[in-house]
Amino acid sequence: MAAAPLDLTSWRWSAPLEWLWAEHRATLSTTFAYLFVKCAARLAAMARRGRPLSRSEASRDVWDPVCLLHNVLSVAAGCWSAYAWEAPAAESCAGGVSGPGAAIIRLQLAHCVSDFLCFLPQMLDEMVFVFHHAVLAGVSLVLPHCPGCYWTVVAFSIAEFGSGAVGLDAEWRKAGFRSRGLKRFVVFGLSRLVNLFLLREIWKVTPTIHIFSLSDESGAVVAKFSLPVCMITAVGGSGMMLAVNGVTCWRMFRSYRKQRAKRLRAKADKAP
């Protein structure tokens with residue numbers, strides 16, 4: 001069932017809010033839940049220390065764990081949506097980002113918005129996060145309305161699985177255990193390679209022509225134009241995300257090589 005259109009001709013300022021609550025209650029509720037959990041986690045960490053958190057403390061003790069929780073929830077939601085999917089794979093998600101099949105996409109939007117509100121100082125320390133979240137939020141709003149939503153759901157699930165491997169490795173090391181960093185690099189990199197195949201499936205069903213029209217009160221068309229929103233979002237968004245993920249992969253690979261060189265030097269020093 002398609003969502004009702006937003007009537008911008010209404011003079012009431014509350015009309016957009018009423019439309020959002022009526023048509024996108026699931027998205028708003030998810031975003032508020034994410035915001036509550038992240039703010040509560042930050043306040044709890046402050047209460048334990050009895051003082052405001054520094055940027056590094058907020059990132060290490062609060063942001064990283066809640067991001068890992070988000071990865072786990074996203075993978076679970078994506079797997080369930082893919083399992084319970086009944087519509088043809090080439091169709092869009094019914095209800096857009098608030099539809100039942102777009103749960104994992106809805107989680108990405110809530111994650112981006114809540115991060116901007118709760119962890120903006122930490123994000124500004126690494127501008128790649130600002131870029132990543134801005135692109136992901138825009139893509140999450142558009143792609144559910146585009147063909148191939150099933151493949152989008154699967155792609156998001158695999159991407160979150162790869163990101164979760166990075167988060168789990170970070171928490172593992174913070175707990176005092178050893179990690180070479182190779183497994184997280186391999187899992188993260190492979191998840192992005194698999195998504196290249198899924199991107200091909202999305203491209204195959206994405207139209208290159210998308211007609212928009214403007215009409216007057218009588219219904220007569222005043223103007224129309226073609227803007228391939230879905231193709232722009234799929235190609236542009238995927239390209240930008242791949243660039244960001246490429247930077248992440250390179251950083252992880254450099255970290256692995258440094259750790260490996262450090263271990264080799266330690267072995268050489270211990271050798272008789």
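In what pattern do the elements of the protein chain follow one another along the sequence? In this predicted model, the order is α-α-α-α-α-α-α-α-β-β-α, so that, with helices and strands taken as DSSP runs, the protein chain has nine helices and two strands. Along the principal axes, the C-alpha atoms of the protein chain occupy a box of roughly 90 × 45 × 35 Å.

Some totals for the whole chain set the scene for the individual elements. Of the 272 residues in the protein chain, 37% are buried, while the accessible surface comes to about 16000 Å², with 68% of that area belonging to carbon and sulfur atoms. When contacts between residues at least 6 apart in sequence are considered, 69% of them join residues at least 24 apart. The protein chain carries 30 positive and 18 negative charges, and the mean positions of these two sets lie 16 Å apart.

A walk through the helices can begin with α2, which covers residues 25-49. The 25 residues of α2 should span 36 Å at 1.5 Å a residue, and the distance of 36 Å between its end C-alpha atoms agrees with this. The buried residues of α2 are T27, T30, T31, Y34, K38, R42 and A45, and what covers them includes α3 (55-84), α4 and α5. A40 also belongs to α2, but because its relative accessible area is 32%, A40 counts as partly exposed. A40 is 214 residues away from R254 in sequence, and their C-alpha atoms are 35 Å apart in space. Just after α2, G50 adopts a positive phi of about 75°.

Helix α4 (103-118) is mostly covered, with 13 of its 16 residues buried, and it reaches 22 Å from its first C-alpha to its last, close to the 22 Å expected at 1.5 Å a residue. In the loop between α4 and α5 lies F119. Is F119 buried or exposed? F119 has a relative accessible area of 0% and is therefore buried. Not counting residues up to four places away in sequence, F119 touches K38, R42, A58, V62, W63, V66 and S114; of these, K38 and R42 are among the buried residues of α2. F119 and W85, by comparison, are 34 residues apart in sequence and 34 Å apart in space, C-alpha to C-alpha.

Further along the chain, helix α6 (residues 127-142) has 16 residues and reaches 23 Å between its first and last C-alpha atoms, which is close to the 22 Å expected at 1.5 Å a residue. Within α6, the residues V130, H132, H133, V135, L136, A137, V139 and S140 are buried, and the buried residues of this helix pack against α4 (103-118), α5 (120-125), α7 (149-174) and α9 (229-270).

The nonpolar cores bring several of these elements together. The largest nonpolar core has 21 residues, of which I105, C149, V153 and F156 touch the most other members, and the elements that give two or more residues to this core are α4, α6, α7 and α9. Leaving aside neighbours within four places in sequence, I105 is in contact with V97, S140, P144, C149, T152, V153 and F156. Apart from this core lies another, made up of eleven residues that include A45, A58, V62 and F119. Of these members, A45 is one of the buried residues of α2, and A58 and V62 are among the residues that F119 touches.

Key: Residues are numbered from 1 along each chain as its sequence is written. This is a predicted model: local features need pLDDT of at least 70, side-chain atom pairs count only at pLDDT 80 or more; totals for chains, interfaces and linings use all residues. Side-chain values use heavy atoms; hydrogens and water are left out. Helices (H or I, at least four residues) and strands (E, at least two) are DSSP runs, numbered from the N terminus. Buried means under 20% relative accessible area, exposed over 50%, partly exposed in between (1.4 Å probe, protein chains only). Contact means heavy atoms within 4.5 Å. Accessible areas come from the Shrake-Rupley method with a 1.4 Å probe; for residues, only the protein chains shown count as cover. Lys and Arg count as positive and Asp and Glu as negative; His and the chain ends are not counted. The place of a charge is taken as NZ of Lys, CZ of Arg, CG of Asp or CD of Glu. The expected span of a helix is 1.5 Å times one less than its number of residues. A nonpolar core is a set of buried Ala, Val, Leu, Ile, Met, Phe, Trp, Tyr and Cys residues joined through side-chain atoms within 4.5 Å.
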